[in-house]
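The exercises below ask you to read a fold, its confidence and a few individual residues from coordinates. Work through each task before turning to its solution.

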Amino acid sequence: MICPFCQAEMQKGHLSGDGRRGITWWPAEGPSWNRVIVAKSALSSSETEALYCESCKKIVVSL
């Protein structure tokens, strides 16, 4: 998908939080050290698909 903000290609991945470590975006493919920490704490466990734009540092989530 093309980023709606800067027109760069976005990376597929997912947002996840386990209620202990916060919320992190993880890439669908590639090394896990390419993750992005979104929030340092989370109250519950959750996960959803999300696209990340490395160029403008935005995450797009479809509900």
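**Exercise 1: Two backbone outliers**

Lysine 57 sits in the loop that links β4 (45-53) to β5, in a model that is predicted.

*Task.* Determine which phi values lysine 57 and glutamine 7 have, and whether each residue is buried or exposed.

*Solution.* Begin with lysine 57, which is not a glycine and nevertheless has a positive phi of about 60 degrees. Its relative accessibility is 56%, and because exposed means over 50%, lysine 57 counts as exposed. Turn next to glutamine 7, which belongs to the segment before β1 (11-18) and, although not a glycine either, has a positive phi of about 70 degrees. With a relative accessible area of 53%, glutamine 7 is exposed.

**Exercise 2: A pair of strand residues**

*Task.* Establish in which strands valine 38 and threonine 24 lie, classify both by accessibility, and list their contacts.

*Solution.* First, place the residues: valine 38 belongs to strand β3 (residues 36-39), whereas threonine 24 belongs to strand β2 (residues 23-27). Second, apply the cut-offs, under which a residue is buried below 20% and partly exposed between 20% and 50%; valine 38, at 44% relative accessibility, is therefore partly exposed, and threonine 24, at 10%, is buried. Third, set aside residues up to four places away in sequence, which leaves valine 38 touching Leu15, Ile23, Thr24, Trp25 and Ile59. With the corresponding neighbours left out, threonine 24 is in contact with His14, Leu15, Ser16, Arg35, Val36, Ile37 and Val38. Finally, for a C-alpha distance, take valine 38 and cysteine 56, which are 18 residues apart along the chain and separated by 14 Å.

**Exercise 3: The chain as a whole**

*Task.* Describe the order of the elements, judge the compactness of the chain, and find which element has the lowest mean pLDDT.

*Solution.* Start from the secondary structure, which comprises 0 helices and 5 strands and reads β-β-β-β-β along the sequence. The radius of gyration is 12 Å, close to the 11 Å that the globule rule gives for 63 residues, so the chain is as compact as a globular protein of that length. Along the principal axes, the C-alpha atoms fill a box of roughly 35 × 25 × 15 Å, and 24% of the 63 residues count as buried. As for confidence, the chain averages a pLDDT of 88, with 98% of the residues scoring at least 70. Among the elements, β3 has the lowest mean pLDDT, 84, while strand β5 (residues 58-61) has the highest, 93.

Definitions and conventions:
Residues are numbered from 1 along each chain as its sequence is written. This is a predicted model: local features need pLDDT of at least 70, side-chain atom pairs count only at pLDDT 80 or more; totals for chains, interfaces and linings use all residues. Side-chain values use heavy atoms; hydrogens and water are left out. Helices (H or I, at least four residues) and strands (E, at least two) are DSSP runs, numbered from the N terminus. Buried means under 20% relative accessible area, exposed over 50%, partly exposed in between (1.4 Å probe, protein chains only). Contact means heavy atoms within 4.5 Å. pLDDT is the predictor's confidence in each residue, from 0 to 100. The radius of gyration is taken over C-alpha atoms; the globule rule is 2.2 Å times the number of residues to the power 0.38.
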